[in-house]
Structure formats: C-alpha cells, structure tokens
Amino acid sequence: MNTIPDPAGTQAATSPAATSKDGAADPATTIRRVSGTELLTTANPLWAYAFSSSPVPDEQVERQRAELESGEADDSRVNLVAFGGDEAEAVVAGISMRHNVRGTVFPMVGISGVATHPKARRRGHVRTLLTQMHEEMRDSGHVLSTLYPFRQSFYERFGYVGFPKPRSIRLEARGLERMLRVEVPGEVSVHRIGEVFDDYYALLETLLRERHGFSIFTRAGTVEVAKENKHWIVLARHEGEVVGALLYRTNGFGNELQGRQLLTRGPIGRTLLLQWLARHHDQYSSFTFELPPDERPDLWYVDLAYDDETKVSGPNHSAPMGRVLSVPGLAGIATGAARATVEVVDDPFVAGTWTLDGRGGTLEVTPGSAGGNGSGGTARLTSHGLAALVYGVIDPAELTLQGYGTVDAETAQALRTIFPPAAPYLFSGF
Ligand SMILES: CC(C)(COP(=O)(O)OP(=O)(O)OC[C@H]1O[C@@H](n2cnc3c(N)ncnc32)[C@H](O)[C@@H]1OP(=O)(O)O)[C@@H](O)C(=O)NCCC(=O)NCCS
C-alpha cells in the first residue's frame, strides 16, 4: 500500500460545536472509532433505526453480543461515530477492499452504514464524519472510494459521480435448449457454496485483476456466503481453470431459478453456464441473474428471450457512485497516448493543477502545469469531472452539461484519448 501524506495534518478527534436550528451551540461533538461490543450501544441502534426493524428485541442484541465476543475482529472495517455527550448520534462505516481501475488494483474504501439519529440530523454530523473517513482512509493508502447512495445528489456534494447500474436479467427458458447443441470445450460442476468457497474466491481474485471497476472484500469479509451455505454454485472450467460461476437458489417447480451475478471471464465460461441453465429448461420458467452493465445478452444466441428488469431508484435500487481520493495515487493505470493539464477545483482531496501524461501507455501524474495541452488550454474540473474521466463514464464534452467542468475541444480530445470510455462493474454490494 502506498501511503499518501496528510498535507493538512488534520486527524481531528473533536469537531467544532454543531449548531442547533435555533442557533444555540450544541455541546462539542466527539468523533472516534468504535468496534467490538461497544457497537451494541452506539452504531448498531443507529443502523437498526435507519435500515432495519427497531427497536431490536433484547434476545437479538444478546445474540449479536455473543457473535461479537466470539468472532474475530474485522480489521477491514472502520466505524466512525459522532457522540453528543455520551450518546451516539451519527455513524459512518468504511470497508477496506480492493478495486480495479483500468487494469490496476488499488485499495478502495467502500462507504456504508451512513446514518444520523433523526434528533441530530442536519447539524453537519455526516459531513464531518464522511470528510474524516475520506481523510483517514486516504492517509492509509486508499486511492478511491465507492458507495451505493440513497439519493445521488446527497453524495454528489461529496465529490462522487454515478456509475452505470448492473443489469437485472430474467432469461426465459423458451429457446434456451438451443444452447445444449453447442460444442464448447470445458465442463461444469455443481456444489453447495460451502464446499468450494476457495475456488469461488480465487475466481473473484482473477476477475479483480481482469475487469475495470471490479471490487472484492477481504476473504474474511466474503466468507459469510459459505458459512450460510444457502446457495448452489455452478463452476465452469476450461483447461482446468475456472472461467465462470453462478451462485443460485431454486425457487419451486415451474417458477424460477434465482441467480446472483453471472460471473464469466469470456464467452466459453458464459456458454458453459448457459448450458447448465438450459438443462433446467422444462423445470423452470425463467432464470434471473445480474450482469455487468456493458454485457449484451441480446446477442448471446438466436431466439433468445429475456426481460431487462434493471431498476434505478433510491433508496434501495440505486446505481453505485465513486470518487478519487488521491490524484498521484492513480499513477500507473492504463491510458491512451496523450497528455493534458487539468485544474481540479472545490474539493479537499483532489483540488490542484495536475498534468496527466499517458503517452507511455500508463498514467504519469505531475503536480502543476507542463506548458498547457498544446493549445495552451486547461480543463477545469470538479471532483466528479475527474472521477468521471478516470472511470470512463462521461465523455469530456458532456462534463459541462452536467456541471462537472469546462473543457475546450482540444483538451477534451486529449482527455478522451487518455481515458477512453469504460463501464466500471463494482460487483461487491455493501
Ligand atoms: C441522510 C442522512 C445520513 C444525513 O445525515 P445528516 O447528519 O443530517 O447530514 P449533514 O447534516 O451532515 O448534511 C450534509 C449535507 O447534506 C445535506 N442534506 C442532509 N440531509 C439531506 C437529505 N435528506 N437530502 C439532501 N440533502 C441533505 C445537508 O444540507 C448538508 O449539506 P451541506 O453540508 O452542503 O450544507 C440522515 O438524514 C439519515 O440518517 N437518513 C436515514 C438513513 C439514510 O438514508 N442513510 C444514507 C444511506 S446511503
């Protein structure tokens, strides 16, 4: 992990006194990390109130206590809590994971569990917590951050840009039997997930290296699916290597087979998995699964029929978002051969003038201007504009329309060459 210095030297433990609606100063808010059984009386009640059923029955709290006392500490997770006096009023969690951006794997922080008790809302708690989380995680080497927003405009304030939404597909059984006639090298095997978790996690590690935007939790953070052991998994192999996998549950004769993500490394893996589904074509009416946002199921085979059930709607069906926490930290990602100078404004982490040089095929980042972009032009970008280019989700010419910057035509062309369009597939859900 590369460690990025903290220029401001700000590791504040106490934020300025928040101000209540009538203008009176509230007692100083203390911010600190919380873990272990202290979560039971601090973060957990806030999360239950915001995201699940509450009040939580005492027996359930005792079960959680037993789990926290017997389980190993999860060092990939940071919980920052804001206290008013002794009382926990707001919480933000950061999950440390790995994330591919244009072929390079970076430490990334996934923001999760953002909640403020209603009596303490609109007093800046989350702004303070999220800014501190970004700062602490950047200082420990996290170059990027991603999240799933309840509402995009809330996180737009914090420099995040929207990603394309992965697709929810319902493939009809009708027509699928055609796949059984395809000659494809390789074989499939079916297991309970608990039996082959190592193979599954190894495939995730491979996809992490191969696919733009892909992210995975630590092994300890992923193993829950094996402990629950509630899914079948079909593994597709070609020349001994796992090239595809689908976790799924069956859901009643004549109904559907419910898959999670259809994970493939290419057409052989995909065809092997579709052949496995085709063996059930008289048994189920449809097969559901998630696909990466740029996948084209309409071109998979002749007479195919599916419904695209992709839904984009907060708070429960939002598309993910991402942002950059360190511009120098991006050095080394694959680029096209061009150079541009950008001025990033209005952001505590990425603001400044940067020369982005992709002429060697990988990104070099230099602070300051290296004599303009040929025309002498400079792009002026917000944090969103920078993230949009890095992830490949908005063309430079469109940035102005979204309020994410101003770019002259020549610099736009240079930036388009450095950062060609791309479709990040975040994969992990949190
Ligand atoms: C959303 C929520 C976390 C905000 O917490 P908060 O402590 O009130 O937020 P802050 O006071 O720090 O506000 C941060 C900024 O967002 C704005 N804001 C706050 N709530 C907002 C909302 N619901 N919609 C849009 N903007 C909002 C504030 O005006 C402030 O803007 P500024 O700093 O640019 O002036 C809180 O309302 C909550 O817990 N909601 C229920 C759970 C939830 O939806 N969590 C998010 C899951 S992704």
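## Reading the ligand shell, helix H1 and strand S14

Modeller: In this predicted model, an oxygen atom of the ligand is 2.8 Å from an N or O atom in the side chain of Thr116, and the protein covers 77% of the 900 Å² of accessible area that the ligand has on its own.

Colleague: Which residues are the closest to the ligand, and how many surround it?

Modeller: The ligand is surrounded by 18 residues, of which Val114, Thr116, Arg122, Gly124 and Arg127 are the closest. Polar side-chain atoms also approach from Arg151, at 3.0 Å from a nitrogen atom of the ligand, and from Arg157, at 2.9 Å from an oxygen atom of the ligand. As for the elements involved, at least two residues of the shell come from each of H1, S5, helix H3 (125-139) and helix H4 (152-156).

Colleague: Which residues of helix H1 are buried, and what do they pack against?

Modeller: The general idea is that an α-helix has 3.6 residues a turn, so residues three or four places apart point the same way. In helix H1 (residues 43-51), the buried residues are Ala43, Asn44, Leu46, Trp47 and Ala48, and they pack against helix H2 (58-70) as well as strands S3 (77-84), S4 (87-101) and S5 (104-116).

Colleague: Which strands pair with S14, and in what sense?

Modeller: Strand S8 (residues 167-172) pairs with S14 in the antiparallel sense over six bridges, with Arg170 opposite Thr288, whereas strand S13 (residues 256-264) runs parallel to S14 and is joined to it by four bridges, Leu257 having Phe287 as its bridge partner. S13, helix H8 (residues 267-278) and S14 together form a right-handed β-α-β unit.

Conventions:
Residues are numbered from 1 along each chain as its sequence is written. This is a predicted model: local features need pLDDT of at least 70, side-chain atom pairs count only at pLDDT 80 or more; totals for chains, interfaces and linings use all residues. Side-chain values use heavy atoms; hydrogens and water are left out. Buried means under 20% relative accessible area, exposed over 50%, partly exposed in between (1.4 Å probe, protein chains only). Contact means heavy atoms within 4.5 Å. Two strands pair if DSSP finds at least two bridges between them. A crossover is right-handed if, with the strands pointing away from the viewer, the path from the first strand over the helix to the second runs clockwise. A residue is near a molecule or strand if one of its heavy atoms lies within 4 Å of it. A polar contact is a pair of N or O atoms within 3.5 Å; within protein, one must be able to donate a hydrogen and the other to accept it, and residues adjacent in sequence count only if both atoms are side-chain atoms. Accessible areas come from the Shrake-Rupley method with a 1.4 Å probe; for residues, only the protein chains shown count as cover.
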